[in-house]
Amino acid sequence: MRFAISLTFLVLPALAAAAGCKAESGAKTAALVELYTSEGCSSCPPADRWLSGLAGRGYAPDRVVPLALHVDYWDYIGWKDPYAKREFSLRQRKLSQLQRMALVYTPQVLLQGKDFPRWGSAAFDSAVDTINARPAKARISLEILDAANEAIDLQARAELAEPALAADAALYLAVYENRLMSRITAGENSGRTLTHDHVVLEWQGPFAFGPTGRASERRALKLLPKGAPERSGAVGFVQDRRTGEVLQALLLPSC
């Protein structure tokens, strides 16, 4: 592994993408999986393949919501990752600080906002089963109103199971694209062709909840120039900003 020193309700049907391109979260909790990765990291491709293979292992979106967040702190060693964003590196450090971790690293998997180094073992299956058995602490609905002009026009609504959670809870929105490919010509992966799924292209939030425990946002989230909306989608999740706990997550592929 590569290391770097850190600086500083309602019961609804699960993930029913229907006419109008809508989805609503279910009564149980979906597990948010965040993979922090980089094309400049030679140990990251196996983790990228693992994330891409979750659906093939039976992890439907009502069970697991996968995201690949490319960090920028390895860009200096020879290859600039075209999907890397500074904000993803900052989020990784922030969540590490909440757990009192001195380091951030790649590849790193966060499960429900917490470091999960045993992602490639049976421990992951057991942990997801435990998360999926919990009643959700938030409800989320997503609707893609349009997926053109290099952006997804997204309407998101969220409601907390208990309004008392509103002080610390926040809504986050993201768009992703699948089947992205890069031919690497420099750095640790020079000469390799890498493929990626669930790559986060834009991230917005945190959006606060009102005193009644509700939040509503309509946002345009950018895709890649000449991107492929048919391989894209949106994700919304609710997280406790004080503890890092993910209260609910929802994925909606573009229809």
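A residue counts as buried when its relative accessible area is under 20%. The structure considered here is a predicted model, and this cut-off can be applied to its cysteines. Cysteine 41, at 0% relative accessibility, is therefore buried. Cysteine 44 also has 0% relative accessibility and so counts as buried.

Two further cysteines are joined to each other. A disulfide is a covalent bond between the sulfur atoms of two cysteines. A search of the whole structure returns one such bond, formed by cysteine 21 and cysteine 255, whose sulfur atoms lie 2.2 Å apart. Cysteine 21 belongs to the loop between strand E1 (2-5) and strand E2 (22-24), whereas cysteine 255 belongs to the segment after strand E16 (246-253); the pair therefore ties together parts that are 234 residues apart in sequence. The torsion about the S-S bond of cysteine 21 and cysteine 255 is about 95°, so this disulfide is right-handed. The two partners fall into separate accessibility classes: cysteine 21 has 6% relative accessibility and is therefore buried, while cysteine 255, with 66%, counts as exposed.

Burial can also be followed along a helix. In helix H3 (residues 122-132), the buried residues are Ala123, Phe124, Ala127, Val128, Ile131 and Asn132. Because these residues cover an arc of only 165° around the axis, they lie on the same side of H3. The elements against which the buried residues of H3 pack are strand E3 (31-37), helix H1 (45-52), strand E4 (64-70) and strand E6 (108-111).

How values were computed
Residues are numbered from 1 along each chain as its sequence is written. This is a predicted model: local features need pLDDT of at least 70, side-chain atom pairs count only at pLDDT 80 or more; totals for chains, interfaces and linings use all residues. Side-chain values use heavy atoms; hydrogens and water are left out. Buried means under 20% relative accessible area, exposed over 50%, partly exposed in between (1.4 Å probe, protein chains only). Helices (H or I, at least four residues) and strands (E, at least two) are DSSP runs, numbered from the N terminus. The arc is that of the directions from the helix axis to the C-beta atoms. Contact means heavy atoms within 4.5 Å. A disulfide is a pair of cysteine sulfur atoms within 2.5 Å.
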